[in-house]
Structure formats: structure tokens, C-alpha cells
Amino acid sequence: MAEQRASRDDLALVERLRAGDEDAFMVLVTGLTPAMRRVARMYVSTDAVADEVIQETWLGVLQGLDGFEGRASLRTWIFRILVNIAKTRGQREGRSVPFATLAGDDLDGPAFDPSSFRGADDALPGGWSTLPFDWRGMPEERAEAAETIRVVGLAIAALPQMQAEVIRLRDVHGWSSEEVRNALDLSETNQRVLLHRARTKVRRALEDHFRSVAEA
Amino acid sequence: MSADADITCREVVELLSSYLDGELPASLRARVEAHLAACDGCTMVVDELRETIRLTGALTEDRLTEAQAATLLAAFRGWAAGA
């Protein structure tokens, strides 16, 4: 698949950075650094080392601006630099983190609980046997409540790190699947599986939350 | 019953993220849509996943501390002065 190329906005931003525009730099830094910090933390052992990785990354980005050819989006390019630096730093620390630890060890099975479906010897194999709680149509003000958003945040915080970062970049930051798999060095399949896993777990957390609200 | 009836609820729910992201090949997309049109349970799940994505979009990102911002701005100034 061809890479998503840099947008015109990206190229304009690069020009402003080259010209030493501090506002442009701080907007970029403010938007990306929190996610960069979490990603760095997957590979290195402490917050302090993650902060060093971030500094090194931004310096690498600035020094590499002349070499930015716009073959990938700017944020993808920045994350690739970050992931390379973080992985190298982690190796130097003697820290090797297996992919399964970051991604979760539940990727091979189905995202939905198999016990919700009829078995192979049933007249309708693979059909629903137990439907999930229907939380559609909860009043809008309730669905928007801070408590609901808190449930989503807690569910994401409980995910394996790579699942959490994929759903954040896709559904909070609005990145494309291609940007996410390039930025985090994931295969197309892994990106898709991680995202579906993450969304399914957040949906389940919302289901549990709304059921307890309805039963209260 | 159509020839597409071989796709089960258990299979459909595993495809719903890709379906919502518009990433399914056309033939598979058509089979999922045909299934959804006839299945209340899977329609409920796809509605809820859509709502899950929308609610996730309401999350806010962590903030940089002032110290982090100051450090990075200093690095930028150093780079700009030397460039």
C-alpha cells in the first residue's frame, strides 16, 4: 500500500519550523509530546529516560527537517524517529520488551466472548445465544456525562499499552490506520486487530457501566 | 435464504471495526450489510461500537508540564540559533 503523503499543511509547517517559528514548534510539541511520551515509555524503563528520548527525538526532527521529503505525514515521520530512538535506548538499557507484552496476549482469539454465541452443534451455529445489554438510547445528557467519559478513559488505561495507543491515535487523535501502523511500526493486520480489540473492550466497559446505572 | 447467509453473528462482530472504518473489501462489506439488515443483535453491537468511537473521541489528551514545554522550547531556540 502506498504511504499517506505529507499534506500541504505539513509542508507549510515544516517551512515555518525551518524559519525558526516558535509558535509553530510549540503547537506541534504540545499536540504530539504526550502520546510520544507514552510510546517511548513502552520501550524504556523510566519516565526520566522517556523524557530524554523525547528531547533527542525533537532535536533529531529539527536537524532532519531539510531531509523531510513529505513521503509520509509529518507526525508519522516524527513517531518513526521516536520509536527508533526509544528502541535503541531500550536495547542499550538491556531492556527487551516482547511484542506480546505490549500488544496483549489475547490477539489470536476472537474479541467477543465465544460463550455469547451458539455452538457448532446448534441449529444456528455462530448466532447469538446471549445478547449483550442494550445501552442504546441512553439519554444524550447521560451519554455525554463526565462519568461516561471517565469510564472510557479508565477502560483505555487498563488495556495493554499498544492497544491503548492504537485506539488513542485512531479515535482520540483521528489518525488514519496507515499513519498509525507506520508510526508504531505495526503490520496492517496487527493494527486492525489491536484497534478492534481495544474498541471491543471499551464497548464492554460502557455496557457494564450503563447496566449498573440502569439497575441502580 | 441467499448464498451469503453463511456469515454468522460470531464472524460479523469481529469485522465491525473494519466495517465502520470503511476498510472491508466490497464483497465482504455487502455480506456484512446483508447480515446487519436481518440481525437485531449485530445491529445493536454496531450501533454501540459507533457510539464507543464517538465517546472515545471526547477524551482529552494529557498536558505537557510547564517544565517539559520550557525544556523543549529551549532546545528549539538552541537549534534555531545554530541553524
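## A turn after H1 of chain B

Just past the end of H1(B), Gly22(B) adopts a positive phi of about 70°. Keep in mind that this is a predicted model.

The helix before that glycine, H1 of chain B, runs over residues 9–20. Its 12 residues reach 16 Å from first C-alpha to last, close to the 16 Å expected at 1.5 Å a residue. Quite a few of its side chains are tucked away: Cys9(B), Val12(B), Val13(B), Leu15(B), Leu16(B) and Ser17(B) are buried. Their cover comes from both chains, and includes helix H10 (188–215) of chain A as well as helix H2 (26–38) and helix H3 (40–56) of chain B.

## H3 of chain B, one face in and one face out

Next up is H3(B). With 17 residues at 1.5 Å each, H3(B) should span 24 Å, and its end C-alpha atoms are indeed 24 Å apart, so the two agree.

Which residues of H3(B) are buried? The list is Gly41(B), Cys42(B), Val45(B), Val46(B), Glu48(B), Leu49(B), Thr52(B) and Thr56(B). They take up an arc of only 165° around the axis, so they sit on the same side of H3(B). This fits the usual helix geometry: an α-helix has 3.6 residues a turn, so residues three or four places apart point the same way. Over on the other side of H3(B), Asp40(B) and Arg54(B) are exposed. As for what covers the buried residues of H3(B), the partners include H7, H8 and H10 of chain A, plus H1 and H2 of chain B.

## Chain B as a whole

Zooming out, chain B has 4 helices and 0 strands, which reads along the sequence as α-α-α-α. Its radius of gyration is 23 Å, well over the 12 Å that the globule rule gives for 83 residues, so chain B is more spread out than a compact globule. The C-alpha trace spans about 70 × 25 × 15 Å along its principal axes.

Buried residues account for 24% of the 83 residues in chain B. Taking the contacts in chain B between residues at least 6 apart in sequence, 60% join residues at least 24 apart.

## Where chain A meets chain B

How many residues of each chain are in contact with the other? It's 40 from chain A and 35 from chain B. On the chain A side, the elements giving two or more residues are helix H2 (22–43), helix H3 (47–64), helix H7 (146–157), helix H8 (161–172) and H10. By type, the chain A residues on this side split into 23 nonpolar, 10 polar and 7 charged.

Conventions: Residues numbered from 1 in each chain as written. Chains lettered and ligands numbered in written order. Predicted model: local features only at pLDDT ≥ 70, side-chain atom pairs only at ≥ 80, totals over all residues. Expected span 1.5 Å × (residues − 1). Buried ≥ 20, exposed ≤ 12 C-beta atoms within 10 Å, placed from the backbone. Contact = placed C-beta atoms within 7 Å. Rg over C-alpha atoms; globule rule 2.2 N^0.38 Å. Nonpolar A, V, L, I, M, F, W, Y, C, P; charged D, E, K, R; others polar. Arc of directions from axis to C-beta.
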